[in-house]
Amino acid sequence: MAKTRNIKVEAISRVEGEGGLHVTLSDGQIEDIKLSIYEPPRFFEAFLRGRPLEEVPDITARICGICPVAYQMSSVHAIEQALAVKITPEIRQLRRLLYCGEWIESHVLHMHLLQAPDFFSADSGIDLAAEFPDEINRGLRMKKYGNELLEVLGGRAIHPINVRVGGFHRAPRREELQKLIPAMEWGLQAAIETTRWVATFNYPDFSRDYEMVALVHPDEFPMNEGQIHSSSGLRIDVEEYEQHFQERQVPHSTALHSVKLDAPAGRDCYHVGPLARIALNFDRLSETARRAADEVRFDPFTGNPFQAIIARGLEVIQAFDEALQILRQYRPCRPYIDYDYRDGEGCSATEAPRGLLYHRYQVDSQGMVKFAKIVPPTSQNQMQIEADLRHWLPKVLVDDDRQTAVGCERLIRSYDPCISCSTHFLKLTIERDSKERQG
Amino acid sequence: MFDSPSILFVGVGSPHGDDRIGWHIAEILSRELVDQDQITVRKAAVPMDIVDWLEDCDELHICDAAESQEPIGTVRRIESTFGQPPPADWLGCIQQLHGSSSHDFSLAATLQLARQLSRLPPRVVVHAVSASRLKEGSLISAALQRRVQEIASTILGELANA
């Protein structure tokens, strides 16, 4: 009779939100892996219904304290589509600048204080700071500059309040943005140095054949616009997203799992985030970022999830580089476009730091939200993380459950999962059979 | 003649219930200290923000909600001064402050990081306010609301004498 061994990771550290991992081993073989998310569902989609559409950017920003801009951007773009509002190129540039600020602060925090400690067996960013004070100080300064972009454009760094349907409540004065230029020039060089540093880390020999999914834009590195492409050849407009991807309920998690519908069962998971964006958009990185990638010999098509930290470094270079271009060219503009209420439906996908973020709304002629659908990046990556763990676990499985949990956490953290915004992260349970325990 | 020390006061909080206390105190201090150049008052939604603001700071005061068994509104004052070992329970006390924060960077972790990087100013004072209602979306409790002005006045008095 087969004996089982349960291994539990009760809580995963250095991620946003709470969840758990339950592993069942039968006669030493992995029988089941369940990544459970048990933060309560937050019901944002439901309580947006019946509210004025003007409240949507401020309410959706509350879904996440780390990537509020992403939620604001996907929501305003979707509602603007529903209202047939066309924003000006100047507003679009300011929105990209705001997104640059969010990518910088989110990526830099994750690289330095959350994922980097894993490469040095450090318990936390605090321990790593003792070994690498200059690198951590550099990271904190970059994060500060990302926050300053958010404050100038968004009114404040956490849950910005300056974003509105049609544009911004207020356009920054030219001098407000000009004075950020020296910080962005320093940040660009610091991001190059940081990418060189993380590229020297010792990466596990682990690679997966991912179905990468990301926005692709003909002329720019994707943030807030583009078609949805995949590494297997999918090319669709954002309006077709729900025909190709679907969220499903799973018994073990309060977060939904997103699957790719045209893929065979068992291979219907997919990967979103920095690795996917760079794999599908390498040619659209800035020249500086591409040069850095070549210098550190980064394979843009890598399937090693741990190397996402290098991809984040390249995206930080991209963000500082693009921010500089926008700041240098900026002239104040009319901050928003007027609109009339109408019955309509619109959808949008933008690239949150963690990956593709899809929103769809229906609005009515009174300016009220009739329907809302939000698909965050972590629910799209969750099945992929479980699939990765099936291959990663044998490499880190030892008798000591705590050590096994540390190994699992390391892989999960490489995704920078945002469990509370996936409407939700980690405790490990491993069910081990007694025979195995006796050796 | 010596320059006055540059003081940073940070109210840490959120819109949720008694966790608003740090923000409430910061708002009152902002109004009362509008003419005081050497005192900067800021509100933080996540403790990590504090690390960004420590440049040229001689003295750091932080107000945050704390989970404790003491009566609502009780202020526990926790001080660490350069050159002197912090009280034995300094970090332990701070860890009782409003739970964890985004990506596990609680106030305790933030202060530990700042100390590791030699960024902490010579004097750090944490005003930990005993709170009860930290539930998402709730209003500040009546019991704590009644204590807001008195807590602000006490901190104001300390800042004025710094």
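Colleague: In which sense, left-handed or right-handed, does α6(A) cross α8(A)?
Modeller: This is a predicted model, and in it α6(A) passes α8(A) in a left-handed crossing. A crossing earns that name if the near helix is turned anticlockwise from the far one by less than a right angle.

Colleague: What makes α6(A) oblique to α8(A)?
Modeller: Their axes come within 10 Å and cross at roughly 140 degrees. Over 145 counts as roughly antiparallel, and 65 to 115 as roughly perpendicular. An angle of roughly 140 degrees fits neither, so α6(A) is oblique to α8(A).

Colleague: Which residues make that contact?
Modeller: On the α6(A) side, Arg138(A), Met142(A) and Tyr145(A) are among them, and on the α8(A) side they include Ala190(A), Thr194(A) and Trp197(A). The contact residues split into seven nonpolar, three polar and five charged.

Colleague: Why are α4(A) and α12(A) called roughly antiparallel?
Modeller: Helix α4 (residues 89-115) and helix α12 (residues 308-329) of chain A pack at about 150 degrees, with axes 9 Å apart. The cut-off is over 145 degrees, therefore this pair counts as roughly antiparallel. Their crossing is left-handed. The contact involves, among others, Trp103(A) and His107(A) of α4(A), and Val316(A) and Phe320(A) of α12(A). By class, its residues are twelve nonpolar, five polar and four charged.

Colleague: Now the sheets. Which strands of chain B stand at the edges?
Modeller: The open sheet in chain B has five strands in the order β2-β1-β3-β5-β4, with mixed pairing. β2 (39-44) and β4 (75-81) each have a single partner strand, so one side of each lacks a neighbour in the sheet. From one strand to the next, the twist averages 20 degrees.

Colleague: How do you know that β3 and β5 of chain B pair?
Modeller: At least two bridges are needed, and β3 (residues 59-67) and β5 (residues 123-131) of chain B have nine, in the parallel sense. Leu60(B), for instance, stands opposite Val124(B) in β5(B). Helix α6 (residues 148-160) of chain B lies across this sheet's strands β1, β2, β3, β4 and β5, at about 160 degrees to β3(B).

Colleague: What about chain A: which strands there are the edge strands of the sheet β6-β7-β8?
Modeller: They are β6 (213-216) and β8 (235-236), since each pairs on one side only. The sheet is open and antiparallel. Four bridges link β6(A) to β7(A), and Ala214(A) stands opposite His229(A). Helix α10 (residues 274-281) of chain A lies across β6 and β7, at about 50 degrees to β6(A).

Colleague: How many residues lie between the strands of the hairpin β12(A) and β13(A)?
Modeller: Five, and Gly367(A) in the turn has a positive phi of about 80 degrees. The two strands run antiparallel, joined by six bridges, with Tyr358(A) partnering Val375(A).

Colleague: Where in chain B is confidence lowest, and where is it highest?
Modeller: Helix α3 (residues 90-94) is lowest, at a mean of 56, and β1(B) is highest, at 95. Chain B has a mean pLDDT of 82, with 81% of its residues at 70 or more. Over residues 98-102 of chain B, pLDDT stays under 50. Where pLDDT is low, the predicted coordinates should not be read in detail. For the complex, the predictor gives an ipTM of 0.79 and a pTM of 0.88.

How values were computed
Residues are numbered from 1 along each chain as its sequence is written. Chains are lettered from A and ligands numbered from 1 in the order in which they are written. This is a predicted model: local features need pLDDT of at least 70, side-chain atom pairs count only at pLDDT 80 or more; totals for chains, interfaces and linings use all residues. Axes are lines fitted to C-alpha atoms, for helices over the stretch in contact, and angles run from 0 to 180 degrees between N-to-C directions. Angles under 35 degrees count as roughly parallel, over 145 as roughly antiparallel, 65 to 115 as roughly perpendicular and the rest as oblique. Two residues are in contact if their C-beta atoms, placed from the backbone, lie within 7 Å. Ala, Val, Leu, Ile, Met, Phe, Trp, Tyr, Cys and Pro count as nonpolar, Asp, Glu, Lys and Arg as charged, and the others, Gly among them, as polar. pLDDT is the predictor's confidence in each residue, from 0 to 100.
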